[in-house]
Amino acid sequence: MSVEVTWWGHATVTVEDSGVRVLTDPLFTRRLAHLRRRRGALPPPEAARADLVLVSHLHADHLHPASLARLAPGTRLVVPRGAPDAVPGLRRVAGARRLRVTEVRPGDEVAAGALTVRAVHAAHDGRRLPYGPQRVPALGYVIHGAARTYFAGDTGLFDGMADEVGPCETALLPVGGWGPFLGPGHLDAWRAAEAAARLAPACAVPVHYGTYWPIGMAAVRPREFHAPGREFEQRLALVAPEVTVYRLGHGESVRPVVAR
């Protein structure tokens with residue numbers, strides 16, 4: 001049975017595997033505080049259709065209560081342990097929509113139909129910025145069904161990354177951000193290529209770039225908005241040419257070929 005990956009923009013991806021639809025970090029808005037969506041139409045209503053929704057960490061561009069409100073009542077939502085206590089808006093939406101919330105930490109597993117999803121460590125600040133104690137972990141997830149798909153969320157490179165994630169056929173890797181400079185705990189195109197070389201998947205899909213940008217800053221370091229996907233593909237061809245890159249447009253889908 002094949003796996004289908006659809007990139008809706010930023011870190012929002014649908015992975016359909018073994019008849020189960022998994023949605024990551026849903027963000028369905030034209031504007032978020034000082035950010036606006038500069039590329040790609042807003043995801044259509046079908047993007048919110050999911051059997052399981054994974055939230056990687058508490059930052060507002062990854063845990064967005066107004067986007068979670070578009071989920072069907074009863075949808076299962078997996079979040080880092082402590083998220084409902086740290087984000088009151090998450091509690092309100094989960095209650096209003098009767099979302100079934102499961103809190104996890106690295107190493108925990110969640111079953112959904114024929115899939116098993118395992119939470120893994122991410123090297124990223126997990127706080128609900130601009131304030132909040134550092135007590136809720138940032139996570140990645142490995143979706144294990146007909147294939148193994150790694151969704152990194154937001155992360156920097158870290159020792160033992162390949163051992164933490166384990167074998168995977170497809171890696172969904174962040175390659176940029178939403179502003180002209182990336183702070184610690186992120187992957188740029190070059191570091192994402194190094195991550196892919198360490199993980200050695202059959203294929204990689206660059207995400208988390210070319211979607212949101214600060215208002216009024218379109219002319220500030222525009223390469224950081226437009227180029228990360230292409231630069232990741234070029235760099236990976238040098239450091240791990242055996243890994244196939246699928247550079248998707250917004251709303252575009254691919255059925256990765258994972259046989260080596």
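**Exercise 1. Find the partners of strand 11.**
In strand 12, Phe151 is the bridge partner of Tyr141. Starting from there, work out which strands pair with strand 11, and in what sense.

*Solution.* Keep in mind that this is a predicted model.

- Step 1: Look for another pair on the strand 12 side. Val142 has Tyr150 of strand 12 as its bridge partner.
- Step 2: Get the sense of the pairing. Strand 11 (residues 139-144) and strand 12 (residues 148-151) run antiparallel, joined by four bridges.
- Step 3: Check the connection. A hairpin of three residues takes you from strand 11 to strand 12.
- Step 4: Now go back to Tyr141 and look the other way. Ala119 stands opposite Tyr141, and strand 10 (residues 115-121) pairs with strand 11 over six bridges, again in the antiparallel sense.
- Step 5: Ask how enclosed strand 11 is. Five of its six residues are buried, so the rest of the structure largely encloses strand 11.

**Exercise 2. Place those strands in their sheet.**
Write down the strand order of the sheet and say which strands stand at the edges.

*Solution.*

- Step 1: Trace the order. The sheet is open and has seven strands, running 9-10-11-12-13-14-16, with mixed pairing.
- Step 2: Pick out the ends. Strand 9 (109-112) and strand 16 (244-245) each have a single partner strand, so each has one side without a neighbour in the sheet.

**Exercise 3. Check the cysteines.**
How many disulfides does the whole structure hold, and why is Cys203 not in a bond?

*Solution.*

- Step 1: Search everything. The count comes out at zero disulfides.
- Step 2: Take Cys168. Its nearest cysteine sulfur belongs to Cys203, 8.7 Å away, and Cys168 is in no disulfide.
- Step 3: Use the cut-off, which is within 2.5 Å for a pair of cysteine sulfur atoms. At 8.7 Å from the closest cysteine sulfur, in Cys168, the sulfur of Cys203 is too far away for a bond.
- Step 4: Check the surroundings, with buried meaning under 20% relative accessible area. Cys168 is buried at 4% relative accessibility, and Cys203 is buried too, at 0%.

**Exercise 4. Describe the second largest pocket.**
What is its volume, and which elements give two or more residues to its lining?

*Solution.*

- Step 1: The second largest pocket has a volume of about 210 Å³.
- Step 2: It is lined by 15 residues, and those closest to its centre are Leu182, Asp188, Ala189, Arg223 and Glu224.
- Step 3: Helix 5 (189-199), helix 6 (223-226) and helix 7 (228-239) are the elements giving two or more residues to this lining.
- Step 4: Sort the lining by class, and you get seven nonpolar, three polar and five charged residues.

Notes. Residues are numbered from 1 along each chain as its sequence is written. This is a predicted model: local features need pLDDT of at least 70, side-chain atom pairs count only at pLDDT 80 or more; totals for chains, interfaces and linings use all residues. Side-chain values use heavy atoms; hydrogens and water are left out. Buried means under 20% relative accessible area, exposed over 50%, partly exposed in between (1.4 Å probe, protein chains only). On a 1 Å grid over the protein atoms alone, a cavity is a set of points where a 1.4 Å probe fits but cannot get out, and a pocket is an open set with protein on both sides within 12 Å along at least five of seven lines; lining residues have an atom within 4 Å of a point. Grid points are joined across faces, edges and corners, and a volume is the space filled by probe spheres set on the points. Ala, Val, Leu, Ile, Met, Phe, Trp, Tyr, Cys and Pro count as nonpolar, Asp, Glu, Lys and Arg as charged, and the others, Gly among them, as polar. Two strands pair if DSSP finds at least two bridges between them.
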